[in-house]
Amino acid sequence: MPKPLAAQVANVKAQLFSQSWLEAPDDYGDFPTNGDRFTSMELSKRKDVKGFTRKGIICQAIAAGWHHKSPEQLKELADKVGRQRIQVLHGTVDNMITVPHGEVLARELGEDQGVAKIIVEGRGHVLHFEEEKLYRGWLEKMVEETENLG
(Lines give C-alpha, C1' and ligand atoms only; values in the text may rest on other atoms or scores of the structure.)
Protein backbone atom coordinates (compact mmCIF):
# COMPACT_ATOMS: atom_id res chain seq x y z
CA MET A 1 0.00 0.00 0.00
CA PRO A 2 1.48 3.37 -1.00
CA LYS A 3 2.46 5.74 1.80
CA PRO A 4 0.66 9.07 2.09
CA LEU A 5 2.27 11.83 0.01
CA ALA A 6 3.60 13.69 3.06
CA ALA A 7 5.36 10.53 4.25
CA GLN A 8 6.78 9.88 0.76
CA VAL A 9 8.24 13.39 0.54
CA ALA A 10 9.61 13.23 4.09
CA ASN A 11 11.34 9.95 3.21
CA VAL A 12 12.88 11.41 0.04
CA LYS A 13 14.18 14.41 2.00
CA ALA A 14 15.70 12.17 4.68
CA GLN A 15 17.39 9.98 2.07
CA LEU A 16 18.86 12.81 0.01
CA PHE A 17 19.81 15.63 2.36
CA SER A 18 21.50 16.29 5.67
CA GLN A 19 19.12 17.30 8.44
CA SER A 20 21.15 20.45 9.10
CA TRP A 21 20.69 21.63 5.50
CA LEU A 22 16.97 20.82 5.50
CA GLU A 23 16.44 22.84 8.69
CA ALA A 24 18.58 25.82 7.61
CA PRO A 25 16.94 28.99 6.26
CA ASP A 26 16.18 28.74 2.54
CA ASP A 27 19.27 29.61 0.52
CA TYR A 28 17.16 31.78 -1.79
CA GLY A 29 14.86 33.32 0.81
CA ASP A 30 11.61 32.18 -0.81
CA PHE A 31 10.68 29.60 1.84
CA PRO A 32 11.25 29.33 5.58
CA THR A 33 13.78 26.48 5.17
CA ASN A 34 15.67 24.58 2.49
CA GLY A 35 13.49 21.60 3.35
CA ASP A 36 10.37 23.61 2.57
CA ARG A 37 11.83 24.67 -0.79
CA PHE A 38 12.65 21.04 -1.67
CA THR A 39 9.14 19.96 -0.63
CA SER A 40 7.69 22.55 -3.00
CA MET A 41 9.95 21.36 -5.82
CA GLU A 42 9.05 17.72 -5.15
CA LEU A 43 5.31 18.41 -5.10
CA SER A 44 5.59 20.42 -8.31
CA LYS A 45 7.49 17.56 -9.96
CA ARG A 46 4.88 15.04 -8.88
CA LYS A 47 2.08 17.11 -10.38
CA ASP A 48 3.76 16.69 -13.79
CA VAL A 49 1.96 13.49 -14.81
CA LYS A 50 3.79 13.28 -18.13
CA GLY A 51 7.28 13.73 -16.69
CA PHE A 52 6.87 11.93 -13.35
CA THR A 53 5.64 8.46 -14.29
CA ARG A 54 5.51 5.13 -12.49
CA LYS A 55 7.63 3.66 -15.30
CA GLY A 56 10.27 6.35 -14.78
CA ILE A 57 10.39 5.72 -11.03
CA ILE A 58 10.75 1.96 -11.56
CA CYS A 59 13.48 2.40 -14.19
CA GLN A 60 15.41 4.74 -11.89
CA ALA A 61 15.11 2.28 -9.00
CA ILE A 62 16.38 -0.56 -11.17
CA ALA A 63 19.29 1.54 -12.47
CA ALA A 64 20.25 2.65 -8.96
CA GLY A 65 19.87 -0.76 -7.36
CA TRP A 66 21.33 -3.13 -9.89
CA HIS A 67 24.10 -1.37 -11.73
CA HIS A 68 27.62 -2.59 -11.12
CA LYS A 69 31.03 -1.74 -12.51
CA SER A 70 33.92 -4.11 -11.93
CA PRO A 71 37.39 -2.79 -11.05
CA GLU A 72 38.41 -3.64 -14.61
CA GLN A 73 35.53 -1.59 -16.06
CA LEU A 74 36.36 1.37 -13.81
CA LYS A 75 40.03 1.21 -14.84
CA GLU A 76 39.03 1.12 -18.50
CA LEU A 77 36.71 4.10 -18.00
CA ALA A 78 39.44 6.09 -16.26
CA ASP A 79 41.93 5.16 -18.99
CA LYS A 80 39.56 6.40 -21.71
CA VAL A 81 38.38 9.55 -19.95
CA GLY A 82 41.64 10.48 -18.25
CA ARG A 83 41.98 10.44 -14.49
CA GLN A 84 42.59 14.19 -14.25
CA ARG A 85 39.07 14.66 -15.66
CA ILE A 86 37.36 12.65 -12.90
CA GLN A 87 36.08 13.85 -9.52
CA VAL A 88 34.43 11.70 -6.88
CA LEU A 89 32.30 13.84 -4.54
CA HIS A 90 30.65 12.42 -1.44
CA GLY A 91 28.85 13.66 1.66
CA THR A 92 29.52 11.95 4.98
CA VAL A 93 25.81 11.74 5.86
CA ASP A 94 24.69 10.41 2.47
CA ASN A 95 21.83 8.02 3.22
CA MET A 96 21.65 6.73 -0.35
CA ILE A 97 25.25 5.62 -0.91
CA THR A 98 27.64 5.28 2.00
CA VAL A 99 31.07 6.91 2.09
CA PRO A 100 32.92 3.58 1.77
CA HIS A 101 31.36 3.22 -1.69
CA GLY A 102 32.81 6.60 -2.67
CA GLU A 103 36.19 5.56 -1.26
CA VAL A 104 36.17 2.36 -3.34
CA LEU A 105 35.07 4.24 -6.45
CA ALA A 106 37.88 6.79 -6.08
CA ARG A 107 40.44 4.07 -5.41
CA GLU A 108 39.37 1.88 -8.34
CA LEU A 109 39.26 4.86 -10.73
CA GLY A 110 42.80 5.79 -9.72
CA GLU A 111 42.85 8.29 -6.88
CA ASP A 112 46.60 7.71 -6.60
CA GLN A 113 46.92 8.59 -10.32
CA GLY A 114 45.06 11.90 -10.43
CA VAL A 115 41.37 11.23 -9.72
CA ALA A 116 40.13 13.95 -7.36
CA LYS A 117 38.22 12.82 -4.26
CA ILE A 118 36.26 15.32 -2.20
CA ILE A 119 34.48 14.12 0.95
CA VAL A 120 32.23 16.78 2.49
CA GLU A 121 31.65 16.51 6.23
CA GLY A 122 28.02 16.67 7.36
CA ARG A 123 26.45 16.71 3.92
CA GLY A 124 24.16 14.28 2.14
CA HIS A 125 23.64 12.84 -1.32
CA VAL A 126 22.78 16.03 -3.25
CA LEU A 127 25.91 18.12 -2.84
CA HIS A 128 25.01 20.49 -5.68
CA PHE A 129 22.03 21.61 -3.55
CA GLU A 130 23.64 21.54 -0.12
CA GLU A 131 26.92 23.16 -1.13
CA GLU A 132 25.92 25.04 -4.27
CA LYS A 133 28.73 27.64 -4.18
CA LEU A 134 31.42 25.09 -3.33
CA TYR A 135 30.05 22.71 -5.96
CA ARG A 136 30.13 25.46 -8.59
CA GLY A 137 33.74 26.19 -7.61
CA TRP A 138 34.72 22.50 -7.88
CA LEU A 139 33.05 22.29 -11.27
CA GLU A 140 34.65 25.48 -12.60
CA LYS A 141 38.07 24.31 -11.39
CA MET A 142 37.58 20.92 -13.04
CA VAL A 143 36.51 22.51 -16.34
CA GLU A 144 39.50 24.88 -16.28
CA GLU A 145 41.94 22.08 -15.49
CA THR A 146 40.39 19.86 -18.16
CA GLU A 147 40.62 22.62 -20.77
CA ASN A 148 44.31 23.01 -19.93
CA LEU A 149 44.89 19.28 -20.57
CA GLY A 150 44.16 19.81 -24.26
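## Ile57 and Gln60 on helix H4

Let's start with Ile57, which sits in helix H4. This is a predicted model, so treat everything below as computed from it. With a relative accessibility of 41%, Ile57 falls in the partly exposed class, because that class covers whatever lies between under 20% (buried) and over 50% (exposed). If you want a sense of distance, go to Ser20: it is 37 residues away from Ile57 along the chain, and the two C-alpha atoms are 27 Å apart.

Gln60 belongs to helix H4 too. Its relative accessibility is 60%, so Gln60 counts as exposed. Ser44 lies 16 residues from Gln60 in sequence, with 19 Å between their C-alpha atoms. Keep Gln60 in mind, since this residue comes back in the next section.

## The largest pocket

How much space lies in the largest pocket? The answer is about 1600 Å³. The lining is made of 41 residues, and those closest to the centre of the pocket are Gln60, Ala61, Ala64, Met96 and His125. So Gln60 is an exposed residue at 60% relative accessibility, and it is also one of the residues closest to the pocket centre.

Which helix gives the most to the lining? That's H4, with eight residues. Several other elements supply at least two residues each, among them helix H1 (5-16), helix H3 (34-47), helix H5 (71-81), strand S1 (87-91) and helix H6 (99-109). As for chemistry, the lining splits into 19 nonpolar residues, 14 polar ones and eight charged ones.

## Asn34, tucked into H3

Helix H3 is where you'll find Asn34. Is this residue buried or exposed? Asn34 has a relative accessible area of 0%, so it is buried. Its side chain has a polar partner: a contact of 3.2 Å links it to the side chain of Arg37.

Now for the surroundings. Setting aside residues up to four places away in sequence, Asn34 touches Trp21, Leu22, Ala24, Pro25, Asp26 and Asp27.

## Strand S1: His90 and Leu89

Strand S1 holds both His90 and Leu89. The two get different labels: His90 has 5% relative accessibility and so counts as buried, while Leu89 is partly exposed because its relative accessible area is 25%, against a buried cut-off of under 20%.

His90 has a polar atom in its side chain that lies 3.3 Å from the backbone oxygen of Thr98. Thr98 also shows up among the contacts of His90 beyond four places in sequence, together with Ile97, Val99, Gly102, Ile118, Ile119, Val120 and Leu127.

Which residues does Leu89 touch, not counting those up to four places away? They are Ile118, Leu127, Tyr135 and Trp138. Ile118 and Leu127 are on the list for His90 as well. At the other end of the scale, Ala10 is 79 residues from Leu89 along the chain, and their C-alpha atoms are separated by 24 Å.

## Trp138 on helix H8

The contact with Leu89 leads to Trp138, a residue of helix H8 (residues 132-149). The relative accessible area of Trp138 is 15%, so this residue is classed as buried.

Its contacts outside four places in sequence are Gln87, Leu89, Ile118 and Val120. Ile118 is also touched by Leu89 and by His90, so try clicking on Ile118 if you want to follow these contacts on screen. Glu103, 35 residues from Trp138 in sequence, is 18 Å away from C-alpha to C-alpha.

## The whole protein

Stepping back, the protein has eight helices and two strands. Their order along the sequence is α-α-α-α-α-β-α-β-α-α. A box of roughly 45 × 35 × 30 Å, taken along the principal axes, holds the C-alpha atoms.

What share of the 150 residues counts as buried? It's 27%, and Asn34 at 0% relative accessible area is one of the buried residues. The accessible surface adds up to about 10300 Å², with 58% of that belonging to carbon and sulfur atoms. Finally, look at contacts between residues at least 6 apart in sequence: 62% of them join residues at least 24 apart.

How values were computed: Residues numbered from 1 in each chain as written. Predicted model: local features only at pLDDT ≥ 70, side-chain atom pairs only at ≥ 80, totals over all residues. Heavy atoms only, no water. 1 Å grid on protein atoms, 1.4 Å probe; cavity = no way out; pocket = protein on both sides within 12 Å on 5 of 7 lines; lining within 4 Å. Points joined across faces, edges and corners; volume = space filled by probe spheres on them. Helix = DSSP H or I, 4+ residues; strand = E, 2+ residues; numbered from the N terminus. Nonpolar A, V, L, I, M, F, W, Y, C, P; charged D, E, K, R; others polar. Buried < 20%, exposed > 50% of the residue type's maximum accessible area, 1.4 Å probe, protein only. Polar contact = N/O pair within 3.5 Å; in protein donor to acceptor, adjacent residues only side chain to side chain. Contact = heavy atoms within 4.5 Å. Areas by Shrake-Rupley, 256 points an atom, 1.4 Å probe, with all protein chains shown as cover.
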